Each structure stands twice: as C-alpha cells, then as structure tokens.
Protein chains: 2
Amino acid sequence: MNVELITTGSELMLGRVLNTHQQWLCRRLADLGHVVTRQVAVADTGDEIQQAVREALGRADLVITTGGLGPTTDDITRERIAELLGRKLVFQPDIRVHIENFFAQKGRSLPAGTSVETMVPEGALFFLNAMGTAPGLAMQVSPAECEQLQLGNGKARAAQGVKWLILLPGPPRELRPMFDRQIVPLLKRELADELFACHTLRTSGIGESRVQEFVAAPLQPLVERGLGIGYCARPGEVDVRLTASGAGADQRVRDGLAVVQKILGANIYGLDDEEIEEVVVRLLTARKKTLALAESCTGGNLAHRITNVAGASEIFLGGVVSYSNAAKQNLLGVRAATLAAHGAVSAEVAGEMAQGARNQFGADFALAVTGIAGPGGGTPEKPVGTVFIALASASGVTAKKFLNVWDRATFKQVTTMQALEWLRQAASA
Amino acid sequence: MNVELITTGSELMLGRVLNTHQQWLCRRLADLGHVVTRQVAVADTGDEIQQAVREALGRADLVITTGGLGPTTDDITRERIAELLGRKLVFQPDIRVHIENFFAQKGRSLPAGTSVETMVPEGALFFLNAMGTAPGLAMQVSPAECEQLQLGNGKARAAQGVKWLILLPGPPRELRPMFDRQIVPLLKRELADELFACHTLRTSGIGESRVQEFVAAPLQPLVERGLGIGYCARPGEVDVRLTASGAGADQRVRDGLAVVQKILGANIYGLDDEEIEEVVVRLLTARKKTLALAESCTGGNLAHRITNVAGASEIFLGGVVSYSNAAKQNLLGVRAATLAAHGAVSAEVAGEMAQGARNQFGADFALAVTGIAGPGGGTPEKPVGTVFIALASASGVTAKKFLNVWDRATFKQVTTMQALEWLRQAASA
C-alpha cells in the first residue's frame with residue numbers, strides 16, 4: 001500500500017515553524033505497517049493544495065493532509081478539496097454543538113468564523129476534535145472520481161480501487177490524540193494490510209555502530225526467517241526497530257526482542273514510545289522513592305522532563321536551578337572552599353550539589369549536573385561540553401565526567417539524557 | 001521564481017528522525033526573497049530520487065536536494081541525478097586533494113569509498129565541504145535537457161529558461177555553513193529575483209480569530225495594494241506575517257507593520273525570529289536587572305526556556321522548582337499558615353513564592369507560578385488548568401489568575417508563555 005503525506009502551511013514554506021507532523025505521523029504509520037512513500041509540504045493556497053492532493057491520489061492508496069481546517073480565512077483545505085472532488089459541503093449539527101460546548105467550557109463566546117468548521121464534504125466521515133474545534137475528515141475516493149480528476153502518470157495504478165483521503169487539523173495537540181483515538185481504528189478497519197508487527201527497543205549510552213556490531217550476528221537467523229532490523233541514532237540514544245509481516249509476525253518480533261534484550265540488557269531504557277522520564281517516574285513510584293534535582297548547565301530541563309510525566313508529583317519533590325555560584329552556596333550548601341579549589345564545573349561541586357539537594361528536599365535520590373553548555377565559558381582545561389553529573393542516595397554520592405561537544409540546545413538534551421539514564425539504572429538496581 | 005526542496009532519507013519515511021533541513025533552508029531562502037513552493041521528502045532509493053527531481057525540474061526554476069552525497073553504498077544521489085540528466089561523472093583532482101587533507105588533518109588514513117566523492121557530473125560546479133568530505137554540487141539544466149526528461153504537466157512553463165539544480169550534503173553541520181558561505185553567493189549572482197519583503201510580528205495573549213478580527217479590516221487598504229497577511233497560531237501565541245513583492249515591497253510591509261503595531265501594541269513581543277525568552281534576556285541585560293524563578297506547575301520549563309538563551313547567565317541567578325509543599329516552605333519561605341488558609345494553588349502562595357525567590361537569590365525580578373497541570377488534582381473550585389502567576393520586584397508583589405485548559409504539555413507551554421510575557425512587559429516598563 002502506498003501512503004503519502006501532505007502538510008500544508010505557508011509558514012512551513014517560509015521556515016517559520018518546524019514541521020513535526022511528518023516525523024510523528026510517519027512513525028505512527030510505520031508502526032502500523034504502512035511506510036510512507038512520499039512527504040510533500042506546500043503553501044496553504046488553494047491551487048497548491050489541490051495540485052498536491054490530485055498528484056498524491058494518482059500515486060497513493062492513502063493520502064493524509066494536515067492543516068487548513070481552522071476558522072480563519074487562510075484555512076481553506078476543506079473547501080478546496082471538496083471543490084477538487086466536486087462534492088458539496090454539508091452542515092453537521094453535531095459539530096456545531098461540539099464547538100459551542102468547547103467555548104462554553106472556557107467561558108468564552110463563539111468567535112466569528114467557526115461556522116466553516118461545521119461544514120463537511122458530502123459522504124465524508126468526521127471526527128470531533130477533543131482538543132479544539134476543527135473536526136478531522138475522512139473520505140473514500142472512488143476509481144471514477146480519480147479518473148475524473150484526470151489523475152496520474154499514465155500508469156494503470158492511478159485508478160485502481162478505492163482510495164482514502166484523510167484531513168487532519170494542523171495543531172499537534174489536536175492532531176495527535178485524534179490520530180491515535182479516531183484515525184487508527186479507521187485504518188485498522190478499512191486498510192488492514194497483511195499482518196504486521198513492529199517493536200522498537202530504545203537504548204542509551206552506546207553508539208550506533210557498536211549497537212549494530214553487538215546485535216547483527218545474533219539476529220541473523222531471525223533475519224533469514226523474515227525479521228527486519230533498523231537502527232536509528234539520535235543525540236545520546238539509539239533505537240533498534242524490529243519488524244515482521246505475514247503469518248507468525250508477532251512471534252518473530254518477540255523472538256528478536258528477546259535476543260536484543262539479552263545482549264544490550266542494561267542499556268535498554270524503554271520499549272516503543274516510552275520516554276526515559278516516564279520509565280524513571282514509573283520505577284521510582286513503584287519503589288516509593290523520592291527525587292530531588294540540582295541543575296546548573298541543564299538549566300531546568302531535567303525538572304521539565306520529569307514534570308512532563310503525569311503523576312510526577314508522587315515522586316518528585318523539587319529542584320534547584322543554581323545558575324549562579326551564590327545559589328549553589330545559599331540554596332544547596334556547596335562550600336565556598338570547594339568552589340574556590342575545584343571551580344563550579346567539577347566532580348566535587350557536583351557531589352556537594354547532589355548531597356545538598358538530597359538534604360534540602362529530604363529526597364531518597366538527588367541528581368546534580370554542572371557543566372559548560374557554551375558557546376562561551378570554555379577553557380583549555382575544561383572546554384565547552386565538559387559536564388559532571390552526581391547522584392546522591394542512601395548509599396552515598398558518586399560523580400561522573402562527560403564531554404558533550406554539541407551546540408547549546410543539543411548539549412542540554414544529551415546531558416539530560418545521560419543524567420536520566422544514570423538515575424534509571426540506579427532506580428532499577 | 002519557483003523553488004523546490006527535496007530531502008532524501010529512508011529514516012525520514014519511518015519517522016525515526018526529525019527533518020530540520022526544510023525549516024532551516026526555507027527560512028534562509030525566504031530571507032533572500034525566494035519562497036519555497038514545495039518540499040518533498042522521499043526514501044533514498046534511486047528511483048524515488050530520480051522521480052522527485054524529474055518532477056521538480058518540471059515545475060521549478062531552482063531545485064535543491066539534500067543527502068546521499070557521502071561515501072557509503074546508500075549514498076546514490078550524485079550518481080542517479082547524473083544518470084537522469086545523461087551526464088558523465090568526471091574526476092575532479094581538487095576534491096581528491098581536499099579529502100586527503102581532511103583526513104590527514106585528523107591523522108587518519110583515507111577510508112575506502114571516498115573516491116566516489118571526487119566524481120562530478122559534467123558541467124557542474126562543486127563546493128568543497130569545510131566540515132566534511134562530500135562536496136556540494138550545482139548545475140544548470142538547459143531547456144533542451146528539460147525536454148529530454150519528458151518533463152512536466154503539459155504547461156509551457158516546464159521548459160522555460162535555464163534551471164538550477166543544487167545538491168547539498170545531508171549532515172546539518174556540513175550543509176549549513178556550505179549554504180551560507182558557498183551557495184548564497186551563487187544564488188545572489190545567478191538568481192536575483194524581484195524585490196521581496198517579509199516581516200512577522202509575534203504576539204501573545206490574544207487568540208488567532210481575535211487577532212484577525214482586530215487587524216484584517218484596518219489592513220484591507222494595504223491588501224488591495226498587494227500586501228499579503230498570514231496568521232500562524234501556536235499555543236499561547238499568534239504570528240502575524242506580512243509580505244509583499246515587486247516595487248515598493250519594503251514600504252508596503254513597513255506600512256503594514258505600523259498598522260498592526262498600533263492595534264496590537266502591548267501584545268507584540270517580538271519581530272521575525274525573536275523568541276520571547278531572547279527578548280526577556282535582552283531587556284534584562286540592557287537594564288542590568290537580574291531574575292530568579294519559583295516554579296511549581298511549569299516544573300522547570302521557565303528556567304529551561306530562559307537558559308536556552310546563550311548569555312542567560314548574565315541575568316539569570318537561578319530558580320527553585322518547588323513541587324512539594326515542603327519545598328515551598330523550606331526553600332522559598334512560604335508560610336504554613338498561608339498554605340493552610342489558601343491552598344498551594346492560590347494568589348497568596350504565588351506571591352510568597354515570588355517574594356521568597358527574590359529574597360533567596362537576591363534578584364531584581366522574581367517570577368512564581370503555581371497551578372494544576374493535570375490530568376489529576378483538580379477540584380470544582382480549582383479545576384485543572386487553574387494557575388496563579390506572581391511577579392515580585394522593587395515595586396512589590398502582584399499576582400494574576402489564569403485558566404489554561406489544555407493537555408499537560410500544552411498547559412506547561414502556555415503557562416510559561418504567559419509568565420514570560422508578563423515579565424517582558426514588566427521589564428520593558
């Protein structure tokens with residue numbers, strides 16, 4: 001099955017916003033066994049949208065568009081696709097009620113313009129938007145309609161069978177739950193391909209080529225029976241993705257998981273979509289242990305990641321972002337002598353920060369980070385990227401040194417990952 | 001002029017990595033007055049790449065590809081594009097010397113496979129890669145070549161004039177400096193288009209529909225003279241983008257900016273690429289004022305955003321993430337009586353948190369946030385989404401109430417935005 005993705009938005013073409021839909025939707029679709037064959041992004045003008053959809057329907061069995069379903073005048077995807085397919089727009093009272101409730105809950109009056117969102121192309125399914133007002137839409141496009149569009153590249157494929165066209169709202173907070181809760185069931189029902197199984201093991205602390213060196217040979221017998229392996233590296237982590245299709249797909253992937261788990265063991269932090277902060281919160285909650293943080297160079301990102309997890313308040317007591325040396329001394333009890341002797345970026349200061357946070361908050365575990373994020377502040381002895389992470393617990397305080405030579409944003413990300421991974425291992429022990 | 005962008009990579013189609021080239025290149029090109037008309041991403045197989053380039057050359061005057069120029073066997077962009085255009089690959093000794101020097105500098109021997117990087121399609125310009133080995137390539141494609149490709153959608157445009165095809169390496173750290181230093185001069189020399197102007201005003205605190213209600217009519221006279229308006233909403237903020245082209249483009253956009261500035265005034269936090277945290281850090285730095293934070297429900301995100309700004313350490317002393325009540329009392333001096341009388345989510349506690357942070361860190365400004373991020377923890381009186389933000393400064397402490405009914409992640413984002421916006425206004429006063 002061919003799947004194409006069309007994201008629309010003039011702000012994408014001007015580079016105003018980062019397109020995160022493509023990655024998110026491609027990953028979700030791949031996990032369902034549908035690998036996207038082409039991603040297209042065009043401005044949200046009617047002609048561009050119509051042209052992109054016409055071409056995509058000529059090649060693909062499933063076409064998903066994002067954006068342009070809202071209430072403002074530059075939201076025209078719904079209208080222009082209805083026009084392309086020659087379908088009338090029909091008023092749907094259920095959508096009207098949904099929109100009225102949405103604004104009533106927020107204590108706001110109905111803004112002008114939302115009435116366009118109540119109109120649905122004839123024959124389309126609509127999906128009420130749990131996080132906003134614009135509904136998603138899904139419609140079947142018949143071979144006859146495809147031919148009327150003068151589709152295609154001359155290949156017979158163009159008009160083969162019924163195609164699905166799905167329109168999703170642009171804001172990620174609306175698109176994502178709608179896709180998971182309302183579109184996935186539709187895809188499973190209407191577009192079930194052959195059996196497909198997919199799991200991803202998420203690892204941290206080993207590079208991509210090492211991961212491959214370790215697991216490729218032991219997985220070879222399963223590969224010969226049809227297991228697919230993919231590796232994907234991001235700063236600080238590597239995914240190992242196992243896929244199989246056809247009869248016995250589930251079992252083959254499960255066998256593969258067992259092999260990888262046995263080899264990479266301690267470096268695997270999670271399965272599929274699990275984020276490391278979720279794993280950490282889950283582990284600490286299960287063990288009824290509490291956590292405190294002392295952050296310098298990660299600047300609050302560690303606390304931010306932990307508090308992204310619903311229920312984090314069960315285990316997270318709090319943290320100090322001690323950017324200044326005075327804050328390290330006053331709030332965490334780091335000694336002036338330690339700062340003077342070793343500098344703020346040192347194993348000694350990291351250790352005192354961790355111990356200080358553990359005492360201040362009365363926590364079971366305390367994690368501390370101090371380092372040089374850059375771009376300024378490096379020295380020959382302690383270049384930009386130098387980091388010390390310390391962990392304090394009932395068994396004492398330990399510190400480790402890392403060298404994370406990246407841009408400022410990636411530095412914060414990678415350092416946060418290393419700290420969370422250490423905490424995860426300590427919390428599992 | 002039509003510009004299209006083709007990014008290649010199978011990992012993009014599986015959603016394992018985020019595509020950041022599109023935003024980066026689109027923004028750079030827009031700054032030069034070239035708005036990208038289409039972005040396409042395909043797997044890095046030869047057929048997909050050839051098909052995408054063939055189609056793009058049928059529509060666009062400038063086509064830029066990224067990826068597939070390296071030395072490994074899945075890097076085939078150079079070869080398959082040469083094949084598509086029927087051009088021989090010619091050995092370029094200068095590239096060979098560059099690659100040898102590159103490895104010699106690192107004290108490494110020449111790896112196998114790099115010789116493919118020394119081959120250049122006949123007639124192509126090449127750009128030595130300052131950060132790696134694979135050169136960038138640029139070639140003119142003549143109308144005759146376009147016709148030979150059997151291009152196009154039947155429109156006359158297809159074979160009009162000479163087109164440019166530019167091939168860039170995939171790694172961002174190679175692509176970005178190459179584009180800025182080597183490709184921009186080429187574009188300025190060869191593809192100077194008509195005048196183009198674009199500015200974006202970034203606003204906070206008003207919804208997208210309201211922004212449009214306020215500014216659409218007053219801008220109408222300018223729209224009739226060719227001003228383009230676009231709105232882009234993200235949680236808690238709305239961009240108003242003004243564009244114009246042709247003679248007088250700059251003036252039309254400047255006139256538009258003046259109209260919007262007059263109407264939305266205090267809600268405009270920045271221009272173009274400015275992030276609100278950058279504006280805040282800049283304002284505080286200019287006024288030599290320092291900042292401390294006390295965060296409950298934003299959980300460190302405020303500190304994270306502030307510390308994303310290089311040079312934040314000039315003004316940011318630190319923060320406390322006081323998730324537990326004990327932390328609010330012990331680290332910020334919130335009184336037990338206040339917590340008991342009003343609850344942790346109250347204007348009174350927010351005020352004491354702000355005052356406590358200001359005292360603890362000795363800061364000029366202190367911002368405090370307490371609220372219910374959800375999904376749990378709401379009551380009929382204080383539902384999920386209830387937030388109190390307080391600001392302490394030399395002129396005293398003020399608190400405001402907000403109701404941010406969103407999912408947990410968006411709640412944190414929106415609340416952070418509101419706090420930063422308040423701080424921005426206070427720091428500008």
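1. Start with the nonpolar core. In this predicted model, the largest one takes in 119 residues. The residues with the most contacts inside it are Val53, Leu57 and Val63, listed for chain A and for chain B. Apart from that core lies another, of 114 residues, and it too draws on both chains: Ile315(A) and Val345(A) are among its members, as are Phe365(B) and Ala399(B). As background, nonpolar side chains in soluble globular proteins tend to be buried together.

2. Now for the overall picture of one chain. Chain A has 15 helices and 17 strands, and its C-alpha atoms fill a box of roughly 80 × 60 × 45 Å along the principal axes. Of its 429 residues, 49% are buried. If you look at contacts in chain A with a separation of 6 or more, 68% of them are between residues 24 or more positions apart.

3. How do the two chains relate? A turn of 175° and a shift of 1.6 Å along the axis lay chain A on chain B, with an RMSD of 2.9 Å. That is the relation of a two-fold axis. Both copies use the same surface, with 77% of the contact residues of chain A recurring in chain B.

4. It's worth tracing the sheet that runs across both chains. Ten strands form an open, mixed sheet, in the order β17(A)-β16(A)-β15(A)-β13(A)-β14(A)-β14(B)-β13(B)-β15(B)-β16(B)-β17(B). The edges are β17 (396–403) of chain A and β17 (396–403) of chain B, each of which pairs on one side only. Neighbouring strands here are turned by 10° against each other on average, ignoring direction.

5. Have a look at where the chains meet in that sheet. Strand β14 of chain A (residues 316–321) and strand β14 of chain B (residues 316–322) run antiparallel and are joined by four bridges. Within this pairing, Val321(A) stands opposite Gly319(B) in β14(B). In general, strands of a sheet pair through backbone hydrogen bonds, either parallel or antiparallel.

6. Chain B also offers a four-stranded sheet. It is open and antiparallel, and the order is β10-β11-β9-β12. The edge positions go to β10 (228–234) and β12 (268–271) of chain B; each has a single partner strand, so one side of each is left without a neighbour in the sheet. On average, neighbouring strands in this sheet are turned by 20° against each other, direction ignored. Strand β9 of chain B (residues 196–204) pairs with β12(B) in the antiparallel sense over three bridges, and Leu201(B) stands opposite Leu271(B) in β12(B).

7. Follow the chain past β12 and you reach an aspartate with an unusual sign of phi for you to check. Asp272(A) sits in the loop between β12 (268–271) and α10 (276–287) of chain A. Its phi is positive, about 55°, although Asp272(A) is not a glycine. With 13 C-beta neighbours inside 10 Å, Asp272(A) counts as partly exposed. In chain B, Asp272(B) lies in the loop between β12 and α10 (276–286) and has a positive phi of about 60°. Asp272(B) is partly exposed, having 14 other C-beta atoms within 10 Å.

8. Another backbone detail turns up in both chains. The peptide bond from Gly374(A) to Pro375(A) is cis, with omega near 0°, and Pro375(A) is in the loop between β15 (365–371) and β16 (386–393) of chain A. Gly374(B) and Pro375(B) are also joined by a cis peptide bond, with omega about 5°. Pro375(B) is found in the loop between β15 (365–371) and β16 (386–393) of chain B.

9. Is Cys26(B) buried or exposed? Cys26(B) is buried, because 25 other C-beta atoms lie within 10 Å, where 20 or more are needed. Cys26(B) belongs to helix α2 (residues 21–31) of chain B. Leaving aside neighbours within four places in sequence, its contacts are Met13(A), Leu14(A) and Gly15(A) from chain A, plus Leu5(B) and Val36(B) from chain B.

10. Last, a helix with its buried residues on one side. In α12 of chain B (residues 325–332), the buried residues are Ala327(B), Lys328(B), Leu331(B) and Leu332(B). They cover an arc of only 105° around the axis, which puts them on the same side of α12(B). Note that a lysine is on that list, in the form of Lys328(B). Just after α12(B), Gly333(B) takes a positive phi of about 75°.

Technical notes: Residues are numbered from 1 along each chain as its sequence is written. Chains are lettered from A and ligands numbered from 1 in the order in which they are written. This is a predicted model: local features need pLDDT of at least 70, side-chain atom pairs count only at pLDDT 80 or more; totals for chains, interfaces and linings use all residues. Helices (H or I, at least four residues) and strands (E, at least two) are DSSP runs, numbered from the N terminus. A residue is buried if 20 or more other C-beta atoms lie within 10 Å of its own, exposed if 12 or fewer, and partly exposed in between; C-beta atoms are placed from the backbone. Two residues are in contact if their C-beta atoms, placed from the backbone, lie within 7 Å. A nonpolar core is a set of buried Ala, Val, Leu, Ile, Met, Phe, Trp, Tyr and Cys residues joined through C-beta atoms within 7 Å. The arc is that of the directions from the helix axis to the C-beta atoms. Copies are superposed by least squares on the C-alpha atoms of residues with pLDDT of at least 70 in both. Two strands pair if DSSP finds at least two bridges between them. Axes are lines fitted to C-alpha atoms, for helices over the stretch in contact, and angles run from 0 to 180 degrees between N-to-C directions.
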